[in-house]
Every structure is written in C-alpha cells, then in structure tokens.
Amino acid sequence: MNEADREAVGLVGFRAWQSSNAFEDVYLDPSVIERVQGEFAQFAATSTSDIAVVEIDGEIAGWGARDGEPNHISDLWVGPEWQGRGFGRALVEHFLQKMRAAGIGTVTISTHAKNVSAIRLYERCGFRIVWQGQQWSDSMKVELQKVRLEQVL
C-alpha cells in the first residue's frame with residue numbers, strides 16, 4: 001500500500017464489511033456502523049502494518065493486512081463488486097508466500113462464524129477451523145461469533 005491508497009483502502013474495507021452476509025441485527029445499529037466506518041478509515045490512515053492491495057485499472061479492488069502477530073493474517077477485504085474473481089485467494093497466497101519465506105511454521109486467520117464465503121475461501125487455501133466461540137470486537141463494541149482457522153506451512 002502506498003500513501004495514495006490509504007483512503008481507498010478504508011472505503012473498500014468498509015464496503016466489504018457492509019456487504020457481508022454475516023450480519024445480525026445488532027451490527028446494523030447506526031452507532032455500530034459509524035464506529036466501524038471510523039475504524040476502517042483510521043486503520044488505513046495510520047497503519048504501519050504489512051498491507052497488500054489488489055489494484056485493477058487504478059482502482060483498489062481489495063486488500064489484506066498482517067497486523068499484530070507475524071503469523072496472523074488480520075484483514076482480508078474485497079469490494080463487493082470484485083468478489084468471486086480470485087482476488088481474495090491471491091491476497092491469501094501472497095501472505096502465505098511471504099510467511100513461508102520468513103520461516104513461519106503456522107499461519108492463522110479469523111472471521112465471523114457466519115461468513116461462510118470467507119470460511120470456504122480459507123479452507124480452499126489450505127486452512128482448517130481450530131476454534132469457534134464468542135469474541136469481543138473493540139471496533140464494534142459487541143460480542144461476535146468467530147472462527148479461527150490455521151494452516152501449517
């Protein structure tokens with residue numbers, strides 16, 4: 001990601017989050033939506049994490065990040081109009097390749113337990129579910145039903 005991408009990265013992340021099929025009514029509360037939109041904008045504006053973007057004809061189609069633990073893919077967001085075209089898989093493979101090169105042995109990724117399309121993508125990329133349960137979301141200020149997936153490299 002370069003400096004010029006920051007605003008678009010935040011917008012793509014928020015639009016992808018909004019289009020998710022994993023929503024429950026509590027997530028549609030206007031204050032939750034406003035908080036999440038602000039979190040995406042803030043993350044994109046200030047992050048020094050390892051962020052990779054997919055750009056198509058000058059437009060950011062999706063992005064992923066490794067923020068926090070070096071073996072964890074913390075974010076994977078593809079704009080709704082670009083989903084289903086292999087960009088999510090390309091981002092996962094990009095990070096897996098970087099982690100293999102760094103000698104990392106096990107990679108983790110998490111998502112909402114109802115985000116079936118993301119879970120299927122991660123499983124097709126070689127991940128398997130190792131945990132499912134409730135987890136607090138600092139950005140949303142609600143409990144989420146999450147899954148954590150893992151892959152041994």
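W82 sits in the loop that runs between strand β4 and helix α3, and in this predicted model its relative accessible area is 13%. Because buried means under 20% relative accessible area, W82 counts as buried, although its place is in a loop. Leaving aside the neighbours within four places in sequence, W82 is in contact with I56, E59, I60, A61 and F87. Two distances help to place W82 within the fold: its C-alpha atom is separated by 26 Å from that of S137, which is 55 residues away along the chain, and by 25 Å from that of V107, which is 25 residues away along the chain.

From this loop one can step back to the protein as a whole, whose secondary structure comes to 4 helices and 7 strands. Read along the sequence, these elements follow the pattern α-α-β-β-β-β-α-β-α-β-β. The C-alpha trace spans about 40 × 40 × 25 Å along its principal axes. A compact globule with 153 residues would have a radius of gyration near 15 Å, and the protein has 15 Å, so the value agrees with that expectation. Among the contacts between residues at least 6 apart in sequence, 60% join residues that are at least 24 apart.

Buried residues make up 42% of the 153 residues. The accessible surface comes to about 8,100 Å², and 48% of that surface belongs to carbon and sulfur atoms. As for charge, the protein has 15 positive and 21 negative side chains, with the centres of the two sets lying 7 Å apart.

The interior comes next. In soluble globular proteins, nonpolar side chains tend to be buried together. Here the largest nonpolar core has 25 residues, of which I73, V92, V107, Y122 and F127 touch the most other members. The elements that give two or more residues to this core are the strands β1 (50-56), β4 (75-78), β5 and β7 (142-152), together with the helices α3 (87-101) and α4 (116-124). Helix α3 supplies the largest share of this core, with 6 residues. Apart from this core lies another, of 17 residues, among them V12, V32, F40 and L144.

Which residues surround V107, one of the core members named above? V107 lies in strand β5, which covers residues 106-112, and with a relative accessible area of 0% it is buried. Beyond its neighbours within four places in sequence, V107 is in contact with N71, I73, L96, M99, F127, L149, E150, Q151 and L153. I73, in turn, is in contact with A65, R66, V92, F95, M99, V107, T108, I109, S110 and F127, again leaving aside its neighbours within four places in sequence.

M99 appears among the contacts of V107 and also among those of I73, and it is therefore a useful residue to follow next, being buried with a relative accessible area of 0%. The place of M99 is in helix α3. Once neighbours within four places in sequence are set aside, M99 is in contact with R66, P70, N71, I73, I104, V107 and L153. S20, by contrast, lies 79 residues from M99 in sequence and 27 Å from it in space, C-alpha to C-alpha.

Away from these buried positions, is Q132 buried or partly exposed? With a relative accessibility of 49%, Q132 counts as partly exposed, because the class named exposed begins over 50%. Q132 lies in strand β6, made of residues 128-137. Leaving aside its neighbours within four places in sequence, Q132 is in contact with A113, Q145, K146 and V147. The C-alpha atoms of Q132 and H112, which are 20 residues apart in sequence, are 9.4 Å apart in space.

The last stop is D57, which is found in the loop between β1 and β2 (59-66). With a relative accessibility of 82%, D57 counts as exposed. Its backbone also deserves a look, since phi of D57 is near 50°, a positive value in a residue other than glycine. Most residues other than glycine have a negative phi.

Note on methods: Residues are numbered from 1 along each chain as its sequence is written. This is a predicted model: local features need pLDDT of at least 70, side-chain atom pairs count only at pLDDT 80 or more; totals for chains, interfaces and linings use all residues. Side-chain values use heavy atoms; hydrogens and water are left out. The radius of gyration is taken over C-alpha atoms; the globule rule is 2.2 Å times the number of residues to the power 0.38. Buried means under 20% relative accessible area, exposed over 50%, partly exposed in between (1.4 Å probe, protein chains only). Contact means heavy atoms within 4.5 Å. Accessible areas come from the Shrake-Rupley method with a 1.4 Å probe; for residues, only the protein chains shown count as cover. Lys and Arg count as positive and Asp and Glu as negative; His and the chain ends are not counted. The place of a charge is taken as NZ of Lys, CZ of Arg, CG of Asp or CD of Glu. A nonpolar core is a set of buried Ala, Val, Leu, Ile, Met, Phe, Trp, Tyr and Cys residues joined through side-chain atoms within 4.5 Å.
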